[in-house]
Structures are given as C-alpha cells and as structure tokens.
Amino acid sequence: MTSKVSEGVKVLLSFTLSYAILLTSWTGAQEDSKVSEDKPKEVICRNNKCVVNDKEQPLVTKVGESVLWVNHDKVEHTATAEKDSPISFDVFIPKKDGDKPGRSKPVKFTKPGKIKYFCIPHKDVDMEGEIIVKESS
Ligand SMILES: [Cu+2]
C-alpha cells in the first residue's frame, strides 16, 4: 500500500516537473520574439566594451529597426560612427545610476550598410563595435 502511494507521488512529481519545464521554455520563446519585433536591439556596455549576446559582434539588424546602448559602467560612453561609415550617428550613453543602467536614445537605421563605431573617451582602449544593417525583405 505504501509503495503504491509513493509510486503515485513519483509519477505526479515527474509529470509536474516536465510540465513546468515545458511552460518555462515556451514563455522564454514568446518573450524573445516580442523583444526582436517591438523593441530596439541592445548593445551592452560593460568594462569599456560593447557586447552583443555576451560576445557576439557585430550586431546584425535590418533597415527600419532600432538599436540602443545599455551601459553598466560607472562612466559615460558614446557610440560614434567612423567618418568613412555609410551611416553616421553619434549618441551619448549615460553612465549607470545606482543599480539602474544608463540607456542611450535608440538609433533607427534607414538604409543598409556596415558601420564601425567607437566610443570617443575610450577610443584609446579600443572600445568599439560594428553593426551590420541588412536590407529589410
Ligand atoms: Cu567609452
């Protein structure tokens, strides 16, 4: 009798667990697609580096989409396109305020191209990044 009860608990537990895992992964996927469709893509500034998905550079985006910079450093940065870049921008990236990271204004891309950019105060430590803007299909 006792073994039957514990068997039942085991089955119930494993069912609950797999359901929980399924639910978690489904929610994560939903959130991901929402981010890429409605919100600007984000470049993270950390330790005077521009980071996309932990390491990945360049950031690839499309015409009509926007990009902004989120700063976890206690110093200000800029995202400034190189002079020979086909698309020019120069945005100020505020430093973090307490626990709240600084956020730049979004940059919306209106034509395709490959952009190299840098941070004015940290060009000497190679704080730079690259964005590829693809034709929207
Ligand atoms: Cu900087």
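Which residue in β8 is the bridge partner of Ser 66? Select Lys 108: that is the partner in β8. Keep in mind that this is a predicted model.

**Stop 1: β4 and its neighbours**

Show β4 (66-71) and strand β8 (residues 107-108). The two pair in the antiparallel sense, over two bridges. Next, add strand β7 (residues 102-103), which also pairs with β4 in the antiparallel sense over two bridges. Here Val 70 has Arg 103 of β7 as its bridge partner. Now bring in β1. Five bridges join β1 to β4, and these strands run parallel. Look for Cys 45, opposite Asn 71 in β4.

**Stop 2: the two faces of β4**

Turn on side chains along β4. They alternate. Val 67, Trp 69 and Asn 71 point to one face and are buried. Ser 66, Leu 68 and Val 70 point to the other face and are not buried.

**Stop 3: the core**

Centre on Trp 69. Its contacts beyond four places in sequence include Val 43, Cys 45, Ala 79 and Ile 93. Trp 69 and Ala 79 have the most contacts inside the largest nonpolar core, a set of 15 residues. Colour β1, β4, β9 and β10: each gives two or more residues to this core. In soluble globular proteins, nonpolar side chains tend to be buried together.

**Stop 4: Ala 81**

Move to strand β5 (residues 77-81) and select Ala 81. Ala 81 counts as partly exposed because it has 19 C-beta neighbours inside 10 Å, and buried status takes 20 or more. Among the residues it touches are Ile 87, Phe 89, Ile 115 and Tyr 117. Finally, pick Glu 128. Ala 81 and Glu 128 are 47 residues apart in sequence, but 9.5 Å apart in space, C-alpha to C-alpha.

Terms used:
Residues are numbered from 1 along each chain as its sequence is written. This is a predicted model: local features need pLDDT of at least 70, side-chain atom pairs count only at pLDDT 80 or more; totals for chains, interfaces and linings use all residues. Helices (H or I, at least four residues) and strands (E, at least two) are DSSP runs, numbered from the N terminus. A residue is buried if 20 or more other C-beta atoms lie within 10 Å of its own, exposed if 12 or fewer, and partly exposed in between; C-beta atoms are placed from the backbone. Two residues are in contact if their C-beta atoms, placed from the backbone, lie within 7 Å. A nonpolar core is a set of buried Ala, Val, Leu, Ile, Met, Phe, Trp, Tyr and Cys residues joined through C-beta atoms within 7 Å. Two strands pair if DSSP finds at least two bridges between them.
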